[in-house]
Amino acid sequence: MAPGPAASADKFDDDDYPAYSMGRAAEILGVTPAFLRSLGVAKLIEPQRSSGGHRRYSRYQLRLAARARELVDQGTGLESACRIIILEDQLAEALRLNDELTKRNESA
């Protein structure tokens with residue numbers, strides 16, 4: 001049975017849903033498909049694959065790719081840019097968890 005309209009709408013709201021083909025992602029970001037592939041080699045983003053084996057990117061991955069492009073355009077090497085973004089992402093997650101734990105402890 002096919003998902004209903006509500007399930008489809010949920011996919012549009014899901015930042016991790018692989019909604020964009022490589023060509024469309026490259027077009028949105030103003031980069032080449034080779035740039036997107038290089039982000040996979042650098043382990044910044046690992047796109048999901050369609051049943052036909054084509055790369056599919058999520059909005060979250062597009063935001064990471066846009067940040068990488070921004071750093072590269074500013075003169076940062078690709079590998080360094082990817083490492084910076086990974087560390088920034090890890091720090092943001094650690095801060096979020098710390099804030100969550102602090103609030104939990106304050107309410108206890």
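**Entry 1: Ser58**

I began with Ser58 in this predicted model and asked whether Ser58 is buried or exposed. Its relative accessible area is 3%, and because buried means under 20%, Ser58 counts as buried. I then located Ser58 in the loop between β3 and α4. Leaving out residues up to four places away in sequence, I listed what Ser58 touches: Asp15, Asp16, Tyr17, Pro18, Ala19 and Tyr20.

**Entry 2: The chain as a whole**

I next looked up the secondary structure, which comes to five helices and three strands. Along the sequence I read the pattern α-β-α-α-β-β-α-α. I noted that the chain has 108 residues, of which buried residues make up 24%. I also looked up the contacts between residues at least 6 apart in sequence, and found that 59% of them join residues at least 24 apart.

**Entry 3: The sheet**

I asked in what order the three strands of the sheet stand. The sheet is open, its order is β1-β3-β2, and the pairing is antiparallel. β1 (20-21) and β2 (48-49) are at the edges; each has a single partner strand, so one side of each is left without a neighbour in the sheet. For the pair of β2 and β3, the latter covering residues 55-57, I recorded two bridges in the antiparallel sense. Within this pair, Arg49 has Arg55 in β3 as its bridge partner. I then turned to what packs on the sheet, and found helix α4 (residues 59-73), which touches β1 and β3. The direction of α4 makes about 85° with that of β3.

**Entry 4: Arg49**

I returned to Arg49, which lies in strand β2. Its relative accessible area is 48%, and Arg49 is therefore partly exposed. Setting aside neighbours within four places in sequence, I found Arg49 in contact with His54 and Arg55. I also checked Arg49 against Pro18: the two are 31 residues apart in sequence, and their C-alpha atoms are 8.5 Å apart in space. Pro18 had already appeared in my first entry, as one of the residues that Ser58 touches.

**Entry 5: α4 and α5**

I noted that two packed helices are described by the angle between their axes and the distance between the axes. For α4 and helix α5 (residues 78-107), the axes come within 9 Å and cross at roughly 130°. That angle makes α4 oblique to α5. I recorded the crossing of α4 past α5 as right-handed.

Which residues meet where these helices touch? On the α4 side I listed Tyr60, Leu64, Arg67, Ala68, Leu71 and Val72. On the α5 side I listed Leu78, Ala81, Ile84, Ile85, Glu88 and Asp89. I sorted the residues of this contact by character and obtained nine nonpolar, no polar and three charged.

**Entry 6: α3**

I last examined helix α3, which spans residues 33-41. Which residues of α3 are buried? I found Phe35, Leu36, Ser38, Leu39 and Gly40 to be buried. I then asked which elements the buried residues of α3 pack against, and recorded α2 (22-29), β3, α4 and α5. Following α3 I noted Lys43, whose phi is positive, near 65°.

Note on methods: Residues numbered from 1 in each chain as written. Predicted model: local features only at pLDDT ≥ 70, side-chain atom pairs only at ≥ 80, totals over all residues. Heavy atoms only, no water. Pairing = 2+ DSSP bridges. Helix = DSSP H or I, 4+ residues; strand = E, 2+ residues; numbered from the N terminus. Contact = heavy atoms within 4.5 Å. Axes fitted to C-alpha atoms, helices over the stretch in contact; angles between N-to-C directions. Parallel < 35°, antiparallel > 145°, perpendicular 65-115°, else oblique. Left-handed = near helix turned anticlockwise from the far one by under 90°. Nonpolar A, V, L, I, M, F, W, Y, C, P; charged D, E, K, R; others polar. Buried < 20%, exposed > 50% of the residue type's maximum accessible area, 1.4 Å probe, protein only.
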